Amino acid sequence: MTDEKPADVAARAVRRLTSAILSARAHGAVDPDLAAEISELADLLDAEAVDAVDCISGKVGTHDGALERSPVSGPKNPVAIPLRFELDDDGNASAPAEFPAQYQGPAGFVHGGVSGLILDVAMAVANSGSNRPGMTAEMTLRYLRPVPLHREVTVRGRHLRADGRKMWARGTIEVDGEEAVVCDGLFISKELSL
Ligand SMILES: CCCCCCCCCCCCCC(=O)SCCNC(=O)CCNC(=O)[C@H](O)C(C)(C)COP(=O)(O)OP(=O)(O)OC[C@H]1O[C@@H](n2cnc3c(N)ncnc32)[C@H](O)[C@@H]1OP(=O)(O)O
């Protein structure tokens with residue numbers, strides 16, 4: 001018995017579907033009947049879709065906000081892995097991650113832009129964990145070694161310091177305990193309204 005919500009179950013299934021479509025076995029050769037069935041399911045859900053801005057802003061469903069729909073950590077978002085960040089006592093964020101086929105850049109490795117996306121959120125979570133949330137203003141990425149698909153790596157975010165509205169943070173992806181991608185970010189606190 002699980003208390004997983006239907007939307008989370010559906011998102012997890014779509015993730016598996018995405019990976020399967022890209023997998024060597026499927027190899028772009030999805031059975032036409034199966035493809036039609038998948039399209040029909042998409043039509044069914046599409047017919048129930050609500051306004052996209054309301055969805056992403058978390059206005060739809062009071063207990064079901066934007067973080068739940070994040071492209072990195074949102075269990076409801078099929079695009080997300082999703083990562084589950086933990087915060088330590090100092091507000092540092094970390095999460096284990098294993099990237100499936102849909103995140104591939106160079107053959108067998110994670111796309112560099114995906115690493116940037118993941119690290120942006122890791123730093124944002126650490127800033128929030130240090131009670132200094134803000135908008136990303138700048139990110140500098142250094143790709144030291146490739147990040148393999150299908151292998152557990154560690155994602156970390158650390159709030160470094162703040163000066164007025166400015167915050168500095170660092171995010172890393174570690175492979176076998178060694179830094180593979182390092183990101184330095186500048187964040188600016190700002191009141192947001194849609
Ligand atoms: C606890 C755990 C749960 C929580 C989890 C949360 C997870 C969330 C995950 C999701 C989150 C994911 C994260 C995302 O995806 S955030 C989305 C991506 N980022 C954006 O869309 C930001 C768009 N840009 C803006 O909104 C504005 O330009 C910002 C807010 C950045 C500044 O515009 P604003 O008009 O407000 O600023 P200001 O002009 O008064 O300047 C103020 C100061 O800042 C300095 N400055 C400004 N820009 C830059 C720059 N580019 N480089 C260097 N410096 C810059 C400026 O010189 C000045 O410094 P000084 O002259 O005072 O010294």
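How many bridges join β5 to β6? Keep that one in mind while looking at the views below, which all come from a predicted model.

**View 1. The whole protein, element by element.** Here we have 4 helices and 6 strands. Walk along the sequence and you meet them in the pattern α-α-α-β-β-α-β-β-β-β. Buried residues account for 26% of the 194 residues. Among contacts with a separation of 6 or more, 60% link residues that sit 24 or more positions apart.

**View 2. The open sheet.** The 6 strands line up in the order β1-β2-β4-β5-β6-β3, with antiparallel pairing, to make an open sheet. β1 (86–87) and β3 stand at the edges with a single partner strand each, so one side of each has no neighbour in the sheet.

**View 3. Where β5 meets β6.** Back to the opening question: 10 bridges join these two strands, and they run antiparallel. To pick out one pair, find Gly171 and look for its bridge partner in β6, Cys183. The two strands form a hairpin with 2 residues between them, and Asp176 takes a positive phi near 50° there.

**View 4. Where β4 meets β5.** This is another hairpin, again with 2 residues between the strands. In its turn, Gly164 has a positive phi of about 60°. The strands pair over 9 bridges in the antiparallel sense. One spot to look for is Arg161, whose bridge partner in β5 is Trp168.

**View 5. Where β2 meets β4.** Strand β2 (residues 93–97) and strand β4 (residues 153–163) run antiparallel, joined by 5 bridges. Look for Ala97 here: Val153 in β4 stands opposite.

**View 6. The loop around His150.** His150 belongs to the loop between β3 and β4. Is His150 buried or exposed? His150 is exposed, because just 11 other C-beta atoms lie within 10 Å, and a residue counts as exposed at 12 or fewer. Setting aside neighbours within four places in sequence, His150 is in contact with Glu98 and Pro100. Ala101 is worth finding too: 49 residues separate Ala101 from His150 along the chain, yet their C-alpha atoms are 7.7 Å apart.

**View 7. Helix α4 against the sheet.** α4 lies across β1, β2, β3, β4, β5 (166–175) and β6. Compare the helix with β5 and you get an angle of about 130°.

**View 8. Around the ligand.** A shell of 17 residues surrounds the ligand, and those that come nearest are Ala124, Ser128, Met135, Thr136 and Ala137. Which elements each supply at least two residues of this shell? They are α4 (112–129), β3 (135–143) and β6 (178–188). α4 gives the most, with 6 residues. Sort the shell by residue type and you get 8 nonpolar, 4 polar and 5 charged.

**View 9. How confident is the model?** The average pLDDT for the protein is 87, and 87% of the residues score at least 70. Residues 58–64 are another story, with pLDDT below 50. Beyond near neighbours in sequence, that stretch has 7 contacts in the model. Where pLDDT is low, predicted coordinates should not be read in detail. As for the scores of the model, ipTM is 0.92 and pTM is 0.88.

Methods. Residues numbered from 1 in each chain as written. Predicted model: local features only at pLDDT ≥ 70, side-chain atom pairs only at ≥ 80, totals over all residues. Buried ≥ 20, exposed ≤ 12 C-beta atoms within 10 Å, placed from the backbone. Contact = placed C-beta atoms within 7 Å. Near = placed C-beta within 6 Å. Nonpolar A, V, L, I, M, F, W, Y, C, P; charged D, E, K, R; others polar. Pairing = 2+ DSSP bridges. Axes fitted to C-alpha atoms, helices over the stretch in contact; angles between N-to-C directions. pLDDT = per-residue confidence, 0-100.
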